[in-house]
Amino acid sequence: MIIKLFSYSLANQIMRDCQANYSSDGARALAEFFDENAEEEEFDAVAIRCDWSEYKSACEAASEYGWEEDVDDDDDDDEKEEKRESQALSFLEDKTTVLIHDSGVTILNF
């Protein structure tokens, strides 16, 4: 039997994977992404957990992949943080799929 999961149901299934540690925002972002982009596929929590990672910020995610920041020391702290996050997001978007949500970012591992 095949059951079509819609965004809400899919997000709940993603959240049930106790080994994945996705936030509810991250799970909803993944569910919406799959709902918009995936053909009829079998739900595979392990594949999702292996293929996607959630981070609190783009800087945290990009640092995991060797990104080095390039921010002027002349900027104040808020401007530095905003520029860092923007640069990290650009770095990630050049390399992979990035889902931005209220809890941070979820990226397709690369």
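I would like to begin with a single contact, in which the side chain of His101 meets the side chain of Thr106 in a polar contact of 2.8 Å. Before going further I should say that the model we are looking at is predicted, so please keep in mind that every value I mention is computed from it. His101 belongs to strand β2, which covers residues 98–101, and His101 counts as buried because its relative accessibility is 13%, where buried means under 20%.

Let me now step back to the whole chain. The protein has 5 helices and 3 strands, and if you follow the sequence from its start you will read the pattern α-α-α-β-α-α-β-β. Along the principal axes, the C-alpha atoms fill a box of roughly 60 × 25 × 20 Å, and of the 110 residues, 35% count as buried.

Next come the salt bridges. As a general point, side chains of opposite charge can pair when their charged atoms come close. In this protein the count comes to 4 salt bridges, and I will take some of them in turn.

One of them joins the side chains of Arg49 and Asp17, with 2.9 Å from N to O. This pair links distant parts of the chain, since Arg49 sits in helix α3 (residues 45–51) while Asp17 sits in the loop between α1 (7–16) and α2 (24–37), and the two are 32 residues apart. How does each partner stand with respect to the surface, buried or exposed? Arg49 is partly exposed, with a relative accessible area of 25%, whereas Asp17 is buried, with a relative accessible area of 12%.

The loop that holds Asp17 also holds Asn21, and Asn21 deserves a short pause, as it has a positive phi of about 60° although it is not a glycine. Asn21 counts as exposed because its relative accessibility is 66%, and the cut-off for that word is over 50%.

Moving on into helix α2, we find Asp25 and Arg28, which both lie in that helix, 3 residues apart, or about one turn of the helix. These two form a salt bridge in which the closest N and O atoms are 2.5 Å apart. Asp25 counts as buried, at 18% relative accessibility, while Arg28 is partly exposed, with a relative accessible area of 41%.

In helix α5 there is a pair with that spacing too, for Glu81 and Arg84 both lie in this helix, 3 residues apart, about one turn of the helix. Their salt bridge has its closest N and O atoms 2.8 Å apart. Which residues are joined into one network with this pair? Through salt bridges that share partners, Glu69, Glu81 and Arg84 become one network. Glu81 itself counts as partly exposed, at 39% relative accessibility.

My last stop is also in helix α5, which runs over residues 77–95 and includes Glu82. Glu82 takes part in a negative surface patch, and the residues that form this patch are Asp76, Asp77, Asp78, Glu79 and Glu82. Is Glu82 buried or exposed? It counts as exposed, because its relative accessibility is 62%.

To close, I would ask you to set two residues side by side on the screen: His101, buried in strand β2, and Glu82, exposed in helix α5.

Conventions:
Residues are numbered from 1 along each chain as its sequence is written. This is a predicted model: local features need pLDDT of at least 70, side-chain atom pairs count only at pLDDT 80 or more; totals for chains, interfaces and linings use all residues. Side-chain values use heavy atoms; hydrogens and water are left out. Patches are made of residues with over 30% relative accessible area and no salt bridge: like charges are joined within 9 Å, nonpolar side chains (Val, Leu, Ile, Met, Phe, Trp, Tyr) within 5 Å. Accessible areas come from the Shrake-Rupley method with a 1.4 Å probe; for residues, only the protein chains shown count as cover. Lys and Arg count as positive and Asp and Glu as negative; His and the chain ends are not counted. The place of a charge is taken as NZ of Lys, CZ of Arg, CG of Asp or CD of Glu. Helices (H or I, at least four residues) and strands (E, at least two) are DSSP runs, numbered from the N terminus. Buried means under 20% relative accessible area, exposed over 50%, partly exposed in between (1.4 Å probe, protein chains only). A polar contact is a pair of N or O atoms within 3.5 Å; within protein, one must be able to donate a hydrogen and the other to accept it, and residues adjacent in sequence count only if both atoms are side-chain atoms.
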